[in-house]
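Student: I should like to understand how the descriptive terms used for a structure follow from its computed values. May we work through some cases together?

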Amino acid sequence: MVTSTYPVWLLNYYREAEVRSADLLQRLLRHIDNPELQIPVTRQLADEARHSQIWTELLSELGAPLTAMKKGYRHYLHKYAGMPSSVLDLLALLYVVEERVQQRYRDHAPQAGEDKRIRETLQALVADEEWHVQGVCGWLEKLEKQQGRTRVATALDYYRSAEASAYADLIDGA
């Protein structure tokens, strides 16, 4: 069973976060007509689905229940960020979410205790998250040239603040 330092709710949170990232990417794909952006976003969508599968299988291997969070990450994120309405907003939100997921995986890997499966899963997913963050960053840099640095920075600040509040609420409710 899962160690006390790695509660089941947290592993289920990771699973849900990957599902929600896939959903965000699907929405983004419906709004973009640039084939140069569609290709990496589609690849990232496939990664997010695979990550969700990895967490689902790991929870099953550990004998842990697969639970839907009543008020999960997406609920709190929507509470603070609302619904992104432009490609810039979708990319800014995606960047912030991917950046946070990558950092949380890095921070939590050493806390996985004796269960190397959890630690190895976190470490493996960090590598995928790295290219996700870099890829979205590249597209945000392109948008800076089109829409201005201030507009992109404002969107990133807005979504960073919303994400931090959402995560704080999630942790308080856990």
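Tutor: Let us begin with a pair of helices in this predicted model. The crossing of α4 and α5 is left-handed.

Student: How do the residues of the contact of α4 with α5 divide by class?

Tutor: That contact has 16 nonpolar, 4 polar and 5 charged residues.

Student: At what angle do α4 and α5 pack, and how far apart are their axes?

Tutor: The angle is about 150°, and the axes lie 8 Å apart.

Student: Why is α4 called roughly antiparallel to α5?

Tutor: Angles over 145 degrees count as roughly antiparallel. The angle between α4 and α5 is about 150°, and therefore α4 is roughly antiparallel to α5.

Student: What makes α4 oblique to α6?

Tutor: The axes of α4 (residues 87-108) and α6 (residues 149-173) cross at roughly 50° and come within 9 Å. Angles under 35 degrees count as roughly parallel, and 65 to 115 as roughly perpendicular. The value of roughly 50° belongs to neither class, nor is it over 145, so the pair is oblique.

Student: What is the handedness of the crossing of α4 and α6?

Tutor: The crossing of α4 and α6 is right-handed. Among the residues that make the contact are Leu-88, Tyr-95 and Arg-104 of α4, and Val-152, Tyr-159 and Glu-163 of α6. By class, the contact of α4 with α6 has 11 nonpolar, 1 polar and 7 charged residues.

Student: Let us turn to single residues. How do you know whether Asp-128 is buried or exposed?

Tutor: Asp-128 has a relative accessibility of 15%. Buried means under 20%, so Asp-128 counts as buried. Asp-128 is placed in helix α5 (residues 116-147).

Student: What joins the side chains of Asp-128 and His-51?

Tutor: A polar contact of 2.7 Å joins them. The cut-off for such a pair of N or O atoms is 3.5 Å, and the value of 2.7 Å lies within it. Not counting residues up to four places away in sequence, Asp-128 touches Asp-47, Arg-50 and His-51.

Student: Why is His-31 classed as it is, buried or exposed?

Tutor: The relative accessibility of His-31 is 54%. Exposed means over 50%, so His-31 counts as exposed. His-31 is found in helix α1 (residues 8-31). Leaving aside neighbours within four places in sequence, His-31 is in contact with Val-87 and Leu-90.

Student: How far apart are His-31 and Pro-84 in sequence and in space?

Tutor: They are 53 residues apart in sequence and 11 Å apart in space, C-alpha to C-alpha.

Key
Residues are numbered from 1 along each chain as its sequence is written. This is a predicted model: local features need pLDDT of at least 70, side-chain atom pairs count only at pLDDT 80 or more; totals for chains, interfaces and linings use all residues. Side-chain values use heavy atoms; hydrogens and water are left out. Axes are lines fitted to C-alpha atoms, for helices over the stretch in contact, and angles run from 0 to 180 degrees between N-to-C directions. Helices (H or I, at least four residues) and strands (E, at least two) are DSSP runs, numbered from the N terminus. A crossing is left-handed if the near helix is turned anticlockwise from the far one by less than a right angle, and right-handed if clockwise. Contact means heavy atoms within 4.5 Å. Ala, Val, Leu, Ile, Met, Phe, Trp, Tyr, Cys and Pro count as nonpolar, Asp, Glu, Lys and Arg as charged, and the others, Gly among them, as polar. Buried means under 20% relative accessible area, exposed over 50%, partly exposed in between (1.4 Å probe, protein chains only). A polar contact is a pair of N or O atoms within 3.5 Å; within protein, one must be able to donate a hydrogen and the other to accept it, and residues adjacent in sequence count only if both atoms are side-chain atoms.
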